[in-house]
Amino acid sequence: MLEVANLTKRFGGLVAVDGVNLSLPEGGISALIGPNGAGKTTLFALITGFHRPDGGSVRFLGRDLTGEKPFRIARAGMVRTFQIVQPFAGQTVRENIAVGAHMHLADRAEALAKAEDVARAVGLSDRLDRDAADLTVAGRKRLEVARALATDPKLLLLDEVMAGLNPSEIRDVIPVIRAIRDRGVTILLIEHVMQAVMELSDQAWVLNQGRLIAAGAPRALASDPAVIEAYLGHGMAERLAKGAAHA
Ligand SMILES: Nc1ncnc2c1ncn2[C@@H]1O[C@H](COP(=O)(O)OP(=O)(O)OP(=O)(O)O)[C@@H](O)[C@H]1O
């Protein structure tokens, strides 16, 4: 579905994304993980047109979308969410979601009806008439997902939708993401909450210092020495293994 080849982005002397190759099949949930500053959000921004790559290509459903504008990429069916949610204050939750629905629906009534359908899917039905600015952090995260979902994406890229949520809020969001997958939307998520990565994703890629260093089933990656070192520092895999042997 999504083919990323040799994708590269530099910020001055820093290579934030360094020759990344990634092939995402249609269906299911995949995760992109890695330590802070690894380049995950930059990779999302390159894929969805918010940054122009310095090299490499992005193909989606057989079309070359490299360097296209975000709006055109969204129209092609690939939409991202943002870590920092900025709802349109002074507008209701329903109106905020309808903004996404207008991507394909010119008619106001149809867009508002679509917003109601999407609000049900993300568990915001009871807050449709509230001012979006009054939502809690967890509510805003759901609103961000809803706005993206209202564009009818084929591939939804979720950037840390669980950041800032407490454990019970995280537990509540996991089935929402599964339900979106069950609607036929393919999902790629950036997530630091490992419990969620383990529960949700079929496969994961690990990014470190702009490079992909591992890929596979999330449980296998958790014991991969290269992944442990990326998160905890050089030599940690060996020290952990010795510790386990002595225990
Ligand atoms: N617009 C920018 N200008 C300059 N440097 C940037 C810019 N955006 C990101 N960077 C740098 O690129 C690197 C990768 O950042 P990025 O936000 O993609 O990482 P990340 O893996 O998403 O991190 P986190 O998990 O903390 O969100 C970092 O060193 C960051 O400081």
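This report describes the overall form of a predicted protein model, one of its helices and the surroundings of its ligand.

## Overall form

The protein chain contains 10 helices and 10 strands. Its C-alpha trace extends about 65 × 40 × 30 Å along the principal axes. For a chain of 247 residues, a compact globule would have a radius of gyration near 18 Å; the value for this protein chain is 19 Å, which agrees with that expectation.

Of the 247 residues in the protein chain, 39% are buried. If one considers the contacts between residues at least 6 apart in sequence, 62% of them join residues at least 24 apart.

## Helix H1

Helix H1 covers residues 40-47, and 8 of its 8 residues are buried, so the helix is largely enclosed by the rest of the structure. These buried residues are Lys40, Thr41, Thr42, Leu43, Phe44, Ala45, Leu46 and Ile47.

After H1 comes glycine 49, which has a positive phi, near 85°.

## The ligand shell

Which residues lie around the ligand? They are Phe11, Leu14, Ala16, Gly34, Asn36, Gly37, Ala38, Gly39, Lys40, Thr41 and Thr42. Sorted by class, this shell holds 4 nonpolar, 6 polar and 1 charged residues.

Two elements, strand E2 (14-24) and helix H1, each provide at least two residues of the shell. H1 makes the greatest contribution, with 3 residues. Lys40, Thr41 and Thr42 are listed among the residues around the ligand, and they also appear among the buried residues of H1.

How values were computed: Residues numbered from 1 in each chain as written. Predicted model: local features only at pLDDT ≥ 70, side-chain atom pairs only at ≥ 80, totals over all residues. Helix = DSSP H or I, 4+ residues; strand = E, 2+ residues; numbered from the N terminus. Rg over C-alpha atoms; globule rule 2.2 N^0.38 Å. Buried ≥ 20, exposed ≤ 12 C-beta atoms within 10 Å, placed from the backbone. Contact = placed C-beta atoms within 7 Å. Near = placed C-beta within 6 Å. Nonpolar A, V, L, I, M, F, W, Y, C, P; charged D, E, K, R; others polar.
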